[in-house]
Amino acid sequence: MIVSKFGGTSVGSAKNIKKVIQIISDKNEKTAVVVSALGGITNMLIEAGNLAKSGDNNYLEILKEIQKRHISTVEELFTKGNQTQVKDFVIDKLQVLEKTLSGVSLLKDLSEKSLAKIVSTGEILSSYIIAEAMKNNDLKASLKDSRELIKTNKVFINALVDNEKTYLNINNFFKEVQAQIIVLPGFIASDINQETTTLGRGGSDYTAAIIANAVNAEILEIWTDVSGMFTANPKLVKQAKPIKDISYQEAMELSHFGAKVIYPPTIQPVLDKKIPIVIKNTMSPKDFGTLIKENKLSNKKAVKGISHIEDIALLTLEGNGMVGVPGISKRLFEALSQEKINVKFITQASSEHSICLAIDLTEAENAKQAIDQQFEFEILKNKIEPLTVETDLAIIALVGDNMKSHQGISGKMFSELGNNNVNIRAIAQGSTEKNISVVIAKNDVKKALNSLHAAFFENHIKQLNLFIVGVGNVGGKLLNQIKQQQKYLLDKLHINMRVIGLANSKKMLFYEEGIDLSNWKSLLENDGEKASLGEFYKNVKKLNLRNSVFVDNTANYDVPKEYKKYLKDSVAVVACNKIACSSDLDNYKNLKYLSKKYNAPFLFETNVGAGLPIIDTLNNLIASGDQVTEIQAVLSGSLNFIFNNFDVNNSFYKIVKQAGIEGYTEPDSRIDLSGVDVMRKILILMRESGMELELDDIENDSFLPKSSLNANSIADFMETLKQDAKHFDSLLKAAQKEDCRLKYVAEFKNGKAKVGLQHIPKGHPFYKLDGKDNIVLFYTDRYNEQPLIIKGAGAGADVTASGIFGDIIRTGNS
């Protein structure tokens, strides 16, 4: 025999009820069909009762809506000639309900007895309609009122089942019943006086499990609106997968911690008989679902699922007066028990100095009052502190029977949460090691679930969520490169790279599921909101996504001021903007400190050589114990391009303008030509070498005339390049006279640095440096005779974008 239970969503409409009928008609053996009320009806009935109690006649409107729902369902399920009997039944039961509600309204009192009668109406109506619909479809079905079978104590709400009488009744009934299909209302029962009682939350599941136990069913089917139990809540974790099979204990743990597909007491009656449970989807009956059975497998995955409960309050009782005093825990739990407060989580320090408990947020106020009253004497004597209550929290739980045989599960869990700036407020793990639970901030739930799911279920695929500021020349190239390489990154490097936020100087755009990079320009233009650095940060913080990366593609002075906020939130920062790393030494050191403290990578390879691995190479030298003694470098691809192309046929002004058009110079070319850009680059290299220097410590031998240095705007500056053409021509002639080439060189030696235009003779490594190339010569303790040379393109949007891209990928490997 099979027992099939259909929940409220499964019978929530005539369309769904037809699916239920089809599912049952496909079975070839005797089946008990337990049904809930139509979806949402139970809540409407409770609301009607509360309105009646308060004297609000709007309960009548709810009653009308309930009647309308049921009559509409009947009209869709039955032809006109077959509707009368069913409609009469519905109307009759609702008239009885109206009388009950009227009595409640007159007395202004809603007793548990009356409430049980009111809420039972939903299952009574649904079971009758479904049984009649089955008969109407030529199925051999009959209806049995569960109140005649399931007997409880005299508590009307959350009644306790009298197992002996109940099992005897069910056995006797199913031995005699001839029908192939027996429809029963879930949730409801009766006491010894035949008064209606209810089985509480998950009552319909419980009804089905009791019947399955009593008749020794082959299997208990729980039909709902999802295809089984999932590795995590699929509404929060898009990559969550159905769990094919799971043990009773694992299912109970997941259900306790928020997996709402089943309710834990449901499992107990079938667990006693080791009857398998299968969770199936009414809307997709061919999906495999989840099979819950006795655990006999030894090679299963360590973690079976991740679950969570939101709206938790953490209670902490602490004080020196607790240490070594017997009975403290007893008094604490008695105080909660007297208030009927359920404890979801417990942890106690081994010093006995404190006990932490997690309960429903709605019960926090009552709990504090009860516990402070219980320990009033100790609080007055300052032996125990008044109860501390923390709110806006949630519990995250890893569940799996095999966790105890796998080392490092908890370490991996805590590491993953820590890496994503998820602070753990409390930890609990049972001695069976089937569950590791942590209390975290409620607003971290989504990030925590996705981080843990990726770590334990997604074959080590790491999702990177990018927030990019600056989508001009370099930023646009970067977005094109990301779009082109997304599949490769996923397939080869197991990195799922998504762009979540974009901003230019005017607009910003956020899509939590990722921006379509084939259409980002029009999306930003049409869907974007007004750009603001402050609002951009607020959006990043609000989204609170795991493995977030803030990318600065600008040369803006204000954007780097935001870095510290991101790092403090464990958001990685990738910057081609040189302002931060060449700013005051204290600011540079603070950013490096924050990066380390909050485990948030701060990468800026492109600050010095666009896509060249200059900083990475330097860091590896230092990390391996080498010491830099001297640096010689051409660090400006733009200046190298300018002086390589400046000749008697091309004026200095013309070449500078061309360099700007081709994207080799900064938007403000004064930064390049004044030498400030090169000063910043050599400063960054010195700081990465371990030197503590400021920008003012670098000597700048500028080649620009005073008129250019004193220009107030970019336009004025460009005009001076025309007016002082003879000055620049003289520089070129002087170099040519010595058979040399002009190169703008940065040098560091004996703790001092300088930048300036030099005459480079033939045979020097810099002489044949063509186009926009950069070159760096590192002299170190190990490379003391022949320097370590890094050479290549040092300017241009494509190579700069590729350098930024490389840093972004490094954040995914950190």
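Select helix α14, residues 445-457, in this predicted model: its 13 residues reach 17 Å from the first C-alpha to the last, close to the 18 Å expected at 1.5 Å a residue. Colouring by accessibility shows that 12 of these 13 residues are buried, so the helix is largely enclosed by the rest of the structure. Among the buried residues of α14 are Val445, Lys447, Leu449, Asn450, His453, Phe456 and Phe457. To see what they pack against, add β11 (305-318), β14 (388-399), α13 (409-419) and β16 (435-441) to the selection.

Stay with Phe456 and show the side chain of Lys412, whose charged end sits over the ring of Phe456 at 4.7 Å from its centre. Then step just past the end of α14 to Asn459, which takes a positive phi of about 50°.

**Two further positive phi values**

Most residues other than glycine have a negative phi, and most peptide bonds are trans. Select Lys340, in the loop between α10 (328-338) and β12 (345-348), where phi is near 55°, a positive value in a residue other than glycine. Asn544, in the loop between α17 (533-543) and β21 (548-552), likewise has a positive phi, of about 55°, although it is not a glycine. Which of the words buried and exposed applies to Lys340, and which to Asn544? Lys340 counts as exposed, at 75% relative accessibility, whereas Asn544 is buried, with a relative accessible area of 14%.

**The aromatic residues and the largest core**

Next, select Phe467, Phe510, Phe536, Tyr537, Phe550, Tyr563, Tyr566, Phe602 and Phe604, which form one aromatic cluster. Within that selection, centre on Tyr537 and display Lys565, whose charged end sits over the Tyr537 ring, 4.6 Å from its centre.

Phe536, a member of the cluster, also leads to the largest nonpolar core, which has 81 residues and in which Phe536, Phe652, Leu673, Ile682 and Phe703 have the most contacts. Helix α25, residues 676-689, gives the most to this core, with seven residues. In soluble globular proteins, nonpolar side chains tend to be buried together.

Centre now on Phe652, which counts as buried at 2% relative accessibility. Setting aside residues up to four places away in sequence, Phe652 touches Ile642, Phe643, Phe646, Leu673, Phe703, Leu721 and Phe728. A pair of aromatic rings is described by the distance of the centres and the angle of the planes. The structure has a count of 18 aromatic pairs; in one of them, the rings of Phe652 and Phe703 have their centres 6.2 Å apart and their planes at 80°, so the pair is edge-to-face. Phe652 lies in helix α23 (652-661) and Phe703 in the loop between β25 (698-701) and α26 (706-709), so this pair ties together parts that are 51 residues apart in sequence. Phe703 counts as buried too, at 6% relative accessibility.

**The other core and helix α1**

Apart from the core of 81 residues lies another, of 52 residues, and selecting Val11, Ile24, Leu110 and Ile124 will display some of its members. Ile24 is also one of the buried residues of helix α1, together with Ala14, Asn16, Ile17, Val20, Ile21 and Ile23. Helix α1 itself, residues 14-25, has 12 residues and reaches 16 Å from its first C-alpha to its last, close to the 16 Å expected at 1.5 Å a residue. An α-helix has 3.6 residues a turn, so residues three or four places apart point the same way. To see what covers the buried residues of α1, show elements that include β1 (2-6), β2 (31-35), α3 (59-77), α5 (112-136), β4 (181-185) and β7 (219-224).

**Two last stops: Phe78 and Thr166**

Follow the chain to Phe78, in the loop between α3 and α4 (84-107), where this residue is buried, with a relative accessible area of 5%. What does Phe78 touch, not counting residues up to four places away in sequence? The residues to display are Gln83, Val86, Ile129, Glu132, Ala133 and Asn136. Of these, Glu132 is 54 residues from Phe78 along the chain, with a separation of 9.1 Å between their C-alpha atoms.

Finish at Thr166, which lies in helix α6, residues 163-176, and is buried, with a relative accessible area of 0%. The Thr166 side chain reaches the backbone oxygen of Asp162 at 2.8 Å. Leaving aside neighbours within four places in sequence, Thr166 is in contact with Leu149, Ile150, Lys151, Val161 and Ile210.

Technical notes: Residues numbered from 1 in each chain as written. Predicted model: local features only at pLDDT ≥ 70, side-chain atom pairs only at ≥ 80, totals over all residues. Heavy atoms only, no water. Helix = DSSP H or I, 4+ residues; strand = E, 2+ residues; numbered from the N terminus. Buried < 20%, exposed > 50% of the residue type's maximum accessible area, 1.4 Å probe, protein only. Polar contact = N/O pair within 3.5 Å; in protein donor to acceptor, adjacent residues only side chain to side chain. Contact = heavy atoms within 4.5 Å. Expected span 1.5 Å × (residues − 1). Core = buried A, V, L, I, M, F, W, Y, C linked by side-chain atoms within 4.5 Å. Phe/Tyr/Trp six-rings, centres within 6.5 Å; stacked < 30°, edge-to-face > 60°. Lys NZ or Arg CZ within 6 Å of the ring centre and 35° of its normal.
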